[in-house]
Amino acid sequence: MRHRLFVWLGLILAAAGWAVPATAQEVSLTSQVIERTLPNGLKVLMVKRPDAPLIRCILAYRVGAVNEPPGITGVSHFHEHMMFKGTYSMGIKPGTLQKDLEFDRQIDALAAQIAAEEAKVKARDEAKIVEWKKQMSDLLTRQKAETIVSEEIWSAYQEAGGTGLNASTGSEMTQYYVTLPKNKIELYLALEADRMANPVFREFYSERDVITEERRMSENSPGFFFQEQLNATFYAASPYANPVVGWMSDISRVTKQEMIEYRDKYYRPDNAVLVLAGDVDERIVMPLVTKYFGGIRSRGPSPRVRTEEPSVEYYRRTNGASFKVPYIEKRVIGRAATTPTVTVMFHIPPMWHADAPALYMLGRVLGARTGKMYLDLVNGKLPHATTVNATGQAQMYDGAFRVIATARETPAETTVVPLDTLEQELWMYIDDAKNTPADPQLLQRAKNSVEAAYLQSLAGTAIAGTLARTEVAYRWQHIEEEHKARMAVTPADMMRVAKTYLVRENSVTGVLHRER
């Protein structure tokens, strides 16, 4: 089995321009990554992949939904949008900067008046609000016609041969990425340094409307509110409870000044990592990185998340191993016009914890299509579900282990068994994982799959995303360390972590019924 796996992996790596290793252990990531740090704290990671004259470029910031204080949730995602609106030299017509800034000043003043009037509990003057909004709309229309060049940074990258241009925001990271011909690397560094140092949040209020519409579109998806509330219930203390898109009451009211103060805390060189993978020449690239980013001032360490979720692991770590953990089992019951599901969630430690590899492999084995839970509940003696899955997701500050079953329904859209029966059956397999060693062949198949995905994530320029995610969350060297730890997991390790974490007092259960 492993011989066939490595024949297949060899084809992947050869296609990506790698020398084919005899085993995955011979793929040394540490020897391939060039790491440099500027005096202002910007970390630069470079990996040579010279098979094509291209460079995959990622600028990642260590900021996301977990960093947002109450009142401005969603601001990281909103800020991601605003970084495409330009700078003092991009996104405006030549010679119109002062006029553009004056438009912004007048628009901001009207927005502040509207917000103050709308905040009144009594004696709100609706006529004034209507008039101010009209004036604001007129100014926005004039600004767009007279000073703004829309999407100029997109055009600059596309004209330079850029592909895959986009950005994304998650709970822990915001990243901006593009693939460019290697002779356009100076253009890239100039544009990104300008965006880091000199953003201008023009079209702020119209983009805020775009963001709120994005959230409304998500709300139209059946089950959206249930999943949002389940996540918020699971994280009672941790800011992972914040939806990345934000709560509607926050994103519809966040102010430009609040965004400026937020960006000053987090969007700076000492809180960022620049990853370049492809036909990279350090002798050419590093002087250019220094030229464009070196002058951006560091402001000291950005704030880190302080709040920890009061989980079983937290109670025992802070009160001692013999501490009797309080029994607190939480449930979320909902209805939506979608397929019924049962979800059982457990708190697990962050990605750097020694138990994270065993929890990850436990999820792969427990949720495997050739495992007992899937074969019984989907294909076998208890065909009560159409899908079942298990995942152990360790994150930067906290983690979640999920066991999910989608209920099988009759043609009349009633479940073949009550959802509480399906829930009991999930617990039967969860408890079995604590007491019955995993089938060694099933574990090996899971490891083979994990190893294939690992090698694929390092092949070609795909390595850039892997490096960015891991460096932001912890340290890039953990990529290799984590993989080795996963490959060393034993059935006994999985039983131990199942007994430790997959317990009712560490769980939240979500039961979603079909709405009639």
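In this predicted model, helix H3 passes helix H4 in a left-handed crossing. The axes of H3 and H4, the latter spanning residues 126-146, come within 10 Å and cross at roughly 160°. Because angles over 145 degrees count as roughly antiparallel, H3 is roughly antiparallel to H4. On the H3 side the contact is made by residues including Phe103, Ile107, Leu110 and Ile114, and on the H4 side by residues including Ile129, Trp132, Met136 and Leu139, with charged residues such as Lys99 of H3 and Arg142 of H4 also among them.

Helix H3 also takes part in the surroundings of helix H10, which covers residues 256-266 and in which Lys256, Met259, Tyr262, Arg263 and Tyr266 are buried. Seen down the axis of H10, these buried residues fall within an arc of 120°, so they line one face of the helix. The elements against which the buried residues of H10 pack include those in the table below.

| Element packing against H10 | Residues |
|---|---|
| Strand S3 | 54-61 |
| Helix H2 | 75-82 |
| Helix H3 | 97-118 |
| Helix H7 | 204-219 |

Helix H6 packs against the buried residues of H10 as well, and H6, residues 185-197, gives the most to the largest nonpolar core, with six residues. Of the 61 residues in that core, Leu59, Tyr61, Ile185, Tyr188, Leu276, Val289 and Phe293 touch the most other members. Leaving aside residues up to four places away in sequence, Val289 touches Leu38, Leu42, Val44, Leu189, Leu274 and Gly294. A second, separate core of 43 residues includes Phe346, Ala358, Tyr360 and Leu366.

Terms used
Residues numbered from 1 in each chain as written. Predicted model: local features only at pLDDT ≥ 70, side-chain atom pairs only at ≥ 80, totals over all residues. Heavy atoms only, no water. Core = buried A, V, L, I, M, F, W, Y, C linked by side-chain atoms within 4.5 Å. Buried < 20%, exposed > 50% of the residue type's maximum accessible area, 1.4 Å probe, protein only. Helix = DSSP H or I, 4+ residues; strand = E, 2+ residues; numbered from the N terminus. Contact = heavy atoms within 4.5 Å. Arc of directions from axis to C-beta. Axes fitted to C-alpha atoms, helices over the stretch in contact; angles between N-to-C directions. Parallel < 35°, antiparallel > 145°, perpendicular 65-115°, else oblique. Left-handed = near helix turned anticlockwise from the far one by under 90°.
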